[in-house]
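Visitor: I am new to this structure and would like a short tour. May I put some questions to you?
Guide: Certainly; please begin wherever you wish.

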Amino acid sequence: MSMECEICGSRIVGRKYKIIVEGSELTVCERCKELGVEAKAKPTTKVVVKKRVVRTPKPIVEDYELVENFHEIVRRERERRGWTQEELAKRIQEKATLIRKIEKGDITPEKEVVEKLERVLGVSLREKVEEVKVQKSKSTVPTLGDVVVIRRKKRS
Ligand SMILES: [Zn+2]
């Protein structure tokens, strides 16, 4: 069973972390572990997270952001052309594993790769960022509410 991060939704490849966020224990990836306090002991009541609304924070690359569903756009445009991931990779002179990771939303491609994808797919994957929206400070930890919406249900 592959484990997904309960905050950002990406598949946890390496170590998974149990953290407490607003009283709930979540299993998260390394990137998201700082959004909560690492869980030490098992809580007496287990919160079952049934549905997760994935709100991946948009990666910020220089003065633009990738559009929120850029990985879906890449896949859709590739499939519309009848290309395999290998074919698309060849056209932008990258490895197929990179395409696979991009389409799964596992990684944020570099600007150079984004530009090549835009060129061969004929779509825009970026949007301009208002300077005021760019948060440079790392000291402010976003609350869970900013990142993800979790609906809790009792196990019946
Ligand atoms: Zn995560």
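Visitor: Which residues line the second largest pocket?
Guide: In this predicted model, the lining of the second largest pocket consists of Ser10, Arg11, Ile12, Val13, Gly14, Arg15, Cys29, Glu30, Arg31 and Asp106.

Visitor: And how do they divide into nonpolar, polar and charged?
Guide: The lining has 5 charged residues, 3 nonpolar and 2 polar.

Visitor: How much space lies in that pocket?
Guide: The second largest pocket holds about 210 Å³ of space.

Visitor: Turning to the interior, which residues of the largest nonpolar core touch the most other members?
Guide: Those are Val74, Leu88, Ile102, Leu117, Leu121 and Leu125, in a core of 20 residues. At least two residues of this core come from each of strand 6 (64-66), helix 1 (70-80), helix 2, helix 3 and helix 4 (111-121).

Visitor: What is leucine 88 in contact with, neighbours within four places in sequence aside?
Guide: Leucine 88 is then in contact with Val74, Arg78, Trp83, Ile99, Leu117, Val120 and Leu121. Another core, of 12 residues, lies apart from the largest one and includes Tyr17, Ile19, Cys29 and Cys32.

Visitor: A change of topic: where does glutamate 22 lie?
Guide: Glutamate 22 is in the loop between strand 1 (17-21) and strand 2 (24-28). Although not a glycine, glutamate 22 has a positive phi of about 50°.

Visitor: Is glutamate 22 buried or exposed?
Guide: Glutamate 22 is exposed, because its relative accessible area is 58%, and the cut-off for exposed is over 50%.

Visitor: What about the phi of glutamine 93?
Guide: Glutamine 93 is not a glycine, yet its phi is positive, about 55°. Glutamine 93 lies in the loop between helix 2 (85-91) and helix 3 (96-104), and counts as exposed at 68% relative accessibility.

Terms used
Residues numbered from 1 in each chain as written. Predicted model: local features only at pLDDT ≥ 70, side-chain atom pairs only at ≥ 80, totals over all residues. Heavy atoms only, no water. 1 Å grid on protein atoms, 1.4 Å probe; cavity = no way out; pocket = protein on both sides within 12 Å on 5 of 7 lines; lining within 4 Å. Points joined across faces, edges and corners; volume = space filled by probe spheres on them. Nonpolar A, V, L, I, M, F, W, Y, C, P; charged D, E, K, R; others polar. Helix = DSSP H or I, 4+ residues; strand = E, 2+ residues; numbered from the N terminus. Buried < 20%, exposed > 50% of the residue type's maximum accessible area, 1.4 Å probe, protein only. Core = buried A, V, L, I, M, F, W, Y, C linked by side-chain atoms within 4.5 Å. Contact = heavy atoms within 4.5 Å.
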